[in-house]
Amino acid sequence: MQFVLTLPESSNLPVYKQVSEALRQAILTGRLKPGDKLPSTRDLAESARVSRFTVIRSYEELASQGYIQTISGSGTFVNREIPKEFSEFAGYGEDPQQHPFLANEVELSEYGRRCLSGEIEHAEVELFPELNYGGPTQDQLPLNRWREVVNRSARFQDQALLSYSSDPFGYAPLREAIAGYLIRSRSVRCIPDQIAIFCGAQAALDLVCRMLLRPGDNAIVENPGFPGARRSLLMNGADLVPVSVDQHGLNVERLYHLESNARLCYVTPSHHDPTGVVMSLPRRLELLRWAERSHAFIVEDDYDSEFRYGDKPVPSLQGLDDHDQVIYLSTFWKVLFPVVRLAFLVVPKRLVEPFHRAKSLLDRDFPLLEQRALTDFINEGHLERHIRRTRAMYARRRAALVQALTKNFRKRVAISDVSAGMHLVVNFPQEVSHEHIMTAARNAQVPLVSSHGHYHQGEGKLGEYLVGFAHADEEQIHSAIERFATELSALSGNIAVTAS
């Protein structure tokens, strides 16, 4: 191991002390990590231009203090655990605010202060590990097919692909493939030049906010709605205007009664997050009319439109837009995560040039191999075949969950009739405590979370929960819900829930 050790030019300490102190600082600051192998005494002596005996004495001192250990025949290693009494940060306890790196206040920008503000905490993204972070499980991924296209894409027979120059909107053949897929499956009206690739949906939404919002501008969000969207808008200085959602989607009529115009409206019209309702055609047309009159832009987040069961596909809002008002946002998260984490925007034509320039400054370089592989994966039909296969699988699992809930809880819970997505919305009687519901779910290993975080400023709906169904087969779902009902019945004293 080659390790550069810098000693002070002038010091009153003996040289071996200087060497041991430099190594100690390297360990405490993380330059040398627990378990790392140190250079041999001969190599370090040669690198630091000191005698080997000096290095041996330094190693002996560090070993006596518990920082390193020598294993005969293997070498010298940083200890896995550093004794607290020798730690530079000992005495600060577990409180992160007492950490010396955080003790000194830093003059942050307005953006930085917004990131740390209490207001942002209300819009903090909940990762929902119980729902597998909203993506498929590993056994549902087309890993063998993906491995094939990655191996083929790694050959790089066209040397021009390795040029330092790249399009900030992403790999052109991939944008062509995505455009074709959107035209076929979502009735999106676009050309490849309007497609912009991003590392994730949050990065895409952040660029939209940076380009279109000024601090203090109104931004409309669904209530309840996706907490990550609220976070991005707040971080960019927007004033949120929460608008209720009913069985027909966003209540567009309320937009005409705002005290001041909004610059942006974020919606999930094809599968509302989290309730799953679909915005009706009259509401979609009215929302487009409002945007035109208000000179506002609509961000259409089409995050999991692939998974509808029994119902005919819902065309995109963007496909109805005749006035270049809709910014279409989607991602491969629900279909291929974590194999593919890319997201994309369909940018209105009048915004292509400014977005292209901004992206060239902020985010112009992507892993080329992943883009090439995804291009072939789409063009060869693997993506749509995978969606058809998993859609049929999720439909069966959703039906099993509805059947299990109905059998075990009868009419004591209300089950959403929306047949889409990868979770159900279930409402329990309000007299059943949240603690009992969550304890029973954990004990029965049922993927269930409260919808509380989706509501603006925590204005949650009591008893409303999201229950995932994509992670397990039908037999596992039935047995888990039966255990859940039994656990909850015991905890709640048979007052509100009765297992069959």
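**Note on the two sheets and their helices**

1. Leu329 stands opposite Leu345, a residue of strand E10. The strands concerned are E9, residues 326-331, and E10, residues 343-346; they run antiparallel and are joined by four bridges. The model is a predicted one.

2. Where does strand E9 sit in its sheet? The order of this open sheet of eight strands is E3-E10-E9-E8-E7-E4-E5-E6, which places E9 between E10 and E8. The pairing in this sheet is mixed. At its edges stand E3 (195-198) and E6 (249-250); each has a single partner strand, so one side of each has no neighbour in the sheet.

3. Helix H11, residues 281-294, lies across several strands of the eight-stranded sheet: E4 (218-223), E5 (239-246), E6, E7 (262-267), E8 (297-301) and E9. Its direction is at about 160° to that of E7.

4. There is also an open sheet of four strands, in the order E11-E12-E14-E13, and its pairing is antiparallel. Strand E11 (414-415) and strand E13 (448-450) are at the edges, and because each has a single partner strand, one side of each is left without a neighbour in the sheet.

5. Inside the four-stranded sheet, E12 (residues 423-427) and E14 (residues 464-468) run antiparallel and are joined by five bridges. Leu424 stands opposite Val467 of E14.

6. Which strands does helix H15 lie across? H15, residues 382-409, lies across E11, E12 and E14, and it runs at about 20° to E12. Helix H16 lies across E13 and E14, at about 160° to E13.

7. Helix H16 (residues 434-444) also meets helix H17 (residues 474-491): their axes come within 8 Å and cross at roughly 140°. The two helices are therefore oblique to each other, as angles count as roughly antiparallel only when over 145 degrees. The crossing is right-handed.

8. On the H16 side, the contact with H17 is made by His436, Ile437, Thr439, Ala440, Ala441, Asn443 and Ala444. H17 contributes Ala480, Arg483, Phe484, Glu487, Leu488 and Leu491. By class, the contact has eight nonpolar, three polar and two charged residues.

9. For the protein as a whole, the secondary structure comes to 17 helices and 14 strands. Of its 500 residues, 50% count as buried. Among contacts with a separation of 6 or more, 72% are between residues 24 or more positions apart.

Notes. Residues are numbered from 1 along each chain as its sequence is written. This is a predicted model: local features need pLDDT of at least 70, side-chain atom pairs count only at pLDDT 80 or more; totals for chains, interfaces and linings use all residues. Side-chain values use heavy atoms; hydrogens and water are left out. Two strands pair if DSSP finds at least two bridges between them. Contact means heavy atoms within 4.5 Å. Axes are lines fitted to C-alpha atoms, for helices over the stretch in contact, and angles run from 0 to 180 degrees between N-to-C directions. Angles under 35 degrees count as roughly parallel, over 145 as roughly antiparallel, 65 to 115 as roughly perpendicular and the rest as oblique. A crossing is left-handed if the near helix is turned anticlockwise from the far one by less than a right angle, and right-handed if clockwise. Ala, Val, Leu, Ile, Met, Phe, Trp, Tyr, Cys and Pro count as nonpolar, Asp, Glu, Lys and Arg as charged, and the others, Gly among them, as polar. Buried means under 20% relative accessible area, exposed over 50%, partly exposed in between (1.4 Å probe, protein chains only).
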